[in-house]
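Let's take a protein model and ask how its labels were earned. Each answer puts a value next to a rule and draws the conclusion.

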Amino acid sequence: MITPTFSIEQDETFLTITIHTPHIRAQEIDMFIAGNEFKLYVKPYFLRLHLPGNVVEDERASASYDIAAGTIKARIPKETAGEHFPDLDLLPKLLARQGESPSISQPASTHRRNHAPLIEVLSDDNNDEKKEADVEPCIKEAEAFDWQLPQTLPQTEPVLASYYGFNQQYQGHLRYWTETGNEVNEIEHPEQSTVESRREERVRKENEKFDDDYYIADFMQKQLAQEEGDEGKGEIARLMKYRTRWWDELRKRQKAAKKAANDDGLSDRMEQLSLEKESSTAVDAVDASNDGALAELEYSAEEERWIRELPSKEYLISNEKPIYLGLVDVMFAYSYDHRISEGEWTIESAWTICKLSATLSSLETFTALDQVVLAGFRRALAYPLYRHWELTEKVWTDVYVLFKLGRRALLKVLLAIKQQLDQHDAYHIYSQLYITDYCVWIQRASDAAIRSLAHELHQVKMSKENIGWHLEALEQLALEEEEDEEDETSEEETSEEETSEEETSEEDEENEDEASNKASE
């Protein structure tokens, strides 16, 4: 059976499903509508959709076939008029079976600790009625996550091959990475590595790469501009002032939420809403209760095509927390590149994203949010063009904004990253190992977990002393050297002025003597 190309539109009362099925016999079309399920069969096409709301088959339902265009257009009434069906443009999600996935709290099987899942559901056409009895319901609320509590990684037993990638399900893909010109990979022997050895190697190489002079130079560039009273002067200061499209989108949502609050007589509660102030109270005021009232982020025609091209997969995941944390790490790398390039893709974007993401470059598996933030700071201060603490803090605020916007914004970013990596000769491997799976998985990720992560990202703070590179001491040394140079310059200027005054005085005396001699003559 062939799954046809299709699209779905909606209004207050109807769903309109347009299905591309060329070269068929219209009299052989068979459709089934019940609850949230829609099925269509016409040789050789078969389509089964699980809709986010219920529909009914009554006298209002209709279907037509356009022979010239080769399309079936089914117009189906909603069970509840006015109900909004979310995520109708996430087509792989509609195709997937509405089954359950394991709870994040369920421990991994002891004998499969470092291996990929025993089963990955690629297609469930023949298993629609089957459900695993031992699978717990998927998470519904963010309370299941404690982003700051690290988990104990299992003791690694000797293995013949290493597992890595999304959900630790890949092996063998990096065996010949040295021959592909892959400059971002930080692990020398990825196929014989473990979670612990990869982390140790990553930290060691970050320590080796950090450059004191480079950090001081970027620090002083911003510092001197601030001392001169022109904080907007200099490249780093300009990049920090840049406001991303995601900031504008969140601001638009905040205004819509404020208007809705005013309509409900809650203007006092929303009075302090201001993205520019970056206050926790202001931004967090746009809570889940307002999400349904705001317009969804729309996908472009090109993005919809990318979504349709994604594989239809389900994942058996014993612990989703590291996957969410890995997503935070990838979003940090993207946000850094997005800010320094001021929203434009460049020839360096693929390298920047892969290099700054510990998940991609070092196959890292995080167990706590502060680990992700720490790794992001270290890599941003060791590898890219601009290595500045306040700039990195600004990037983390950009990550918060992305998570505040929700999974639709996150999917937009992941799709864009996937296109960049797929076009690269060496880095496309990271699209296969991580990004493609993230694009599929995020469509069914927990909204509650994403909101919880956004809140935690807004609260987490990183201290310079935690980085391990004595940053405050370097900054203090740079400031002292600058003061010494200013003192020396001041002394030299004073000495030059005194010398000039002495010379002027001597010239005056000579002129007076000469005038006196002439007078006596």
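**How the labels were earned**

In this predicted model, residues 24 or more positions apart account for 75% of the contacts in the chain with a separation of 6 or more.

Q: How many helices and strands does the chain have?
A: There are 17 helices and six strands.

Q: What share of the chain is buried?
A: Of the 521 residues, 48% are buried. The accessible surface of the chain is about 26700 Å², and 46% of that belongs to carbon and sulfur atoms.

Q: Why is Glu 206 called buried?
A: Buried means under 20% relative accessible area. Glu 206 has 0%, so it is buried. You'll find Glu 206 in helix 2 (residues 195-209).

Q: What is Glu 206 in contact with, leaving aside its neighbours within four places in sequence?
A: Its contacts are Arg 378, Arg 379, Ala 382, Tyr 383 and Trp 469. As for Glu 186, which is 20 residues away along the chain, its C-alpha atom is separated from that of Glu 206 by 9.4 Å.

Q: Why does Asp 87 count as buried, and why does Glu 342 count as partly exposed?
A: The cut-offs are under 20% for buried and over 50% for exposed, with partly exposed in between. Asp 87 comes in at 5%, so it counts as buried. Glu 342 has 32%, so it counts as partly exposed.

Q: What is phi for Asp 87, and what is it for Glu 342?
A: Phi of Asp 87 is near 60°, a positive value in a residue other than glycine. Glu 342 isn't a glycine either, and its phi is positive at about 55°. Asp 87 sits in the loop between strand 6 (71-77) and helix 1 (91-95), while Glu 342 is in the loop between helix 9 (321-340) and helix 10 (349-356).

Q: What makes helix 13 oblique to helix 14?
A: The axes of helix 13 (residues 389-405) and helix 14 (residues 407-422) come within 5 Å and cross at roughly 120°. Perpendicular covers 65 to 115 degrees and antiparallel needs over 145. The crossing fits neither of those, so helix 13 is oblique to helix 14. Where they meet, Leu 402, Phe 403 and Leu 405 in helix 13 face Arg 407, Ala 409, Leu 410 and Val 413 in helix 14.

Q: How do you know that strand 1 and strand 2 pair?
A: Pairing takes at least two bridges. Six bridges join strand 1 to strand 2 (residues 14-20), so these antiparallel strands pass the test. Ile 8, for one, has Ile 17 in strand 2 as its bridge partner. A hairpin through three residues joins strand 1 to strand 2.

Q: What makes strand 1 and strand 5 stand at the edges?
A: The open sheet has four strands in the order 1-2-6-5, with antiparallel pairing. Strand 1 (5-10) and strand 5 (62-66) each have a single partner strand, so one side of each is left without a neighbour in the sheet. Neighbouring strands of this sheet are turned by 15° against each other on average, direction ignored.

Q: How many disulfides are counted?
A: The count comes to zero. A pair of cysteine sulfur atoms has to be within 2.5 Å to count. As for cysteines, Cys 354 is at 0% relative accessibility, so it counts as buried, and Cys 439 counts as buried at 0% too.

Note on methods: Residues are numbered from 1 along each chain as its sequence is written. This is a predicted model: local features need pLDDT of at least 70, side-chain atom pairs count only at pLDDT 80 or more; totals for chains, interfaces and linings use all residues. Side-chain values use heavy atoms; hydrogens and water are left out. Buried means under 20% relative accessible area, exposed over 50%, partly exposed in between (1.4 Å probe, protein chains only). Helices (H or I, at least four residues) and strands (E, at least two) are DSSP runs, numbered from the N terminus. Axes are lines fitted to C-alpha atoms, for helices over the stretch in contact, and angles run from 0 to 180 degrees between N-to-C directions. Contact means heavy atoms within 4.5 Å. Accessible areas come from the Shrake-Rupley method with a 1.4 Å probe; for residues, only the protein chains shown count as cover. Angles under 35 degrees count as roughly parallel, over 145 as roughly antiparallel, 65 to 115 as roughly perpendicular and the rest as oblique.
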